[in-house]
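Colleague: I'm new to this one, so could you take me through a single part of it up close? Pick a stretch you like and tell me what sits there.

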Amino acid sequence: MQLSRRALGILAASACAVAALSPPLAAQDKGTIYYFIPTLLDEFQTESQKAVEALVGGLGYKVVSLDAQNEADRQLRQVEDAILTKPVAMIMNAVDFDAIVPGVEKARAAGIKVLNFDRQIRTTEFELTSVAGTVEIGQLAAGAAIDLLKQRHGSVKGKVLQILGDPGDNYTLDIQQGFEEVMAREAPEVEIVTKAALQWEATNAGKIFEDQLLVTQDIDLVFCHAAHLTVPIVGIMEAKGMKPGDIMMMASNGAPVGLDNIRKGWQQAEIEQPTYAQVYGLAMFLPKILKGEALQPGTYDVMGLQSELTIEAWGPNLKIPGAVITKDNVDDPRFWGNLNAPTGPVTVVE
């Protein structure tokens, strides 16, 4: 087999880049699995990479991680080049839901098992998709918001500024759906102002918050769909002489900055996206998938979380629940924002 010079360069450089994170296994002789990363610019992605390499590598596979640097075309080229090396499987974490589909289909046509992580793609089939229950995360966020508003006003009323991520991302749209469904049903007197931080840019979230302060002074609660969006908001509140809790805040991915905000009083809640469990879910089914055995729908314990495997049009779908983090449980080591990545061993599904 003759690899292109471009393929050799990409794969060699990527292998060097992740060598320091690869688990020191005595024998990795079950074949190579590629993990395709959209970007390594945030801790969710770096922790996901550590967990994939530790848990999947711990099963005896050689894991090669490729960072697309948030470029959809680059990621597609990485997939096409990796196909030439005939790996046993690929784990996809897509930059773009649509742009990566031809690469996924080409890999599966070549007999390579393709699993999907975190960013749900519903337009092509995978051997397994492992995701957080994002609508449910929105529902948990609504419950937390209702409790906070009731504590403040004695009844469920007030104003919430909801700052989405990029509206092209199903993750934020699902959270919005779950949040607004519960709020409409259980808190109809609460006013919700919704704005989108395009490209998930924190600076856009800061501008939204600052603009809203010019319009109204009665914001009770800011709900950001990712913790990194809170950073400029905290800075603005500090610059204006506000104290922690003057405007309550919560976010919904469980990142370290959110947990730190809780400890400092700037946030009252963080809704965890179960990053480590999502990776563990892929690993526990991987041997069965590689043997070509069908996955059975039902409830599975994934790192202590009762998770549901269903069979969808895009293949088996494992949905893992989130959790509400507050000052009372913020130091629990199971939350990924405390950066205690699991090292295995993985209990595989027989």
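Modeller: Here is a walk through the segment after β14, with a few other spots for context.

First, the ground rules. This is a predicted model, where local features need pLDDT of at least 70, side-chain atom pairs count only at pLDDT 80 or more, and totals for chains, interfaces and linings use all residues. Residues are numbered from 1 along each chain as its sequence is written, and side-chain values use heavy atoms, with hydrogens and water left out.

pLDDT is the predictor's confidence in each residue, from 0 to 100. The protein has a mean of 92, and 92% of its residues reach 70 or more. Go easy on residues 1–27, though: pLDDT stays under 50 there.

Now to our part. Asn338 belongs to the segment after β14 (323–325); strands here are DSSP runs of E, at least two residues, and helices runs of H or I, at least four, numbered from the N terminus. Is Asn338 buried or exposed? Asn338 counts as buried, because its relative accessibility is 19% (buried means under 20% relative accessible area, exposed over 50%, partly exposed in between, with a 1.4 Å probe and protein chains only).

What does Asn338 touch, leaving aside neighbours within four places in sequence? Its contacts (heavy atoms within 4.5 Å) are Leu259, Arg263, Val330, Asp331, Asp332 and Pro333. With Val330 we can be more specific: a polar atom of the Asn338 side chain is 3.0 Å from the backbone oxygen of Val330.

Leu339 is in this segment too. Most residues other than glycine have a negative phi, and most peptide bonds are trans. Leu339 isn't a glycine, yet its phi is positive, about 60°. Leu339 is partly exposed, with a relative accessible area of 38%.

Pro345 is also found in the segment after β14. The peptide bond joining Gly344 and Pro345 is cis, with omega about 0°.

For another positive phi, look at Trp200, a residue other than glycine with phi near 60°. Trp200 lies in the loop between β7 (190–196) and α7 (202–215), and Trp200 is buried, at 18% relative accessible area.

Notes. A polar contact is a pair of N or O atoms within 3.5 Å; within protein, one must be able to donate a hydrogen and the other to accept it, and residues adjacent in sequence count only if both atoms are side-chain atoms.
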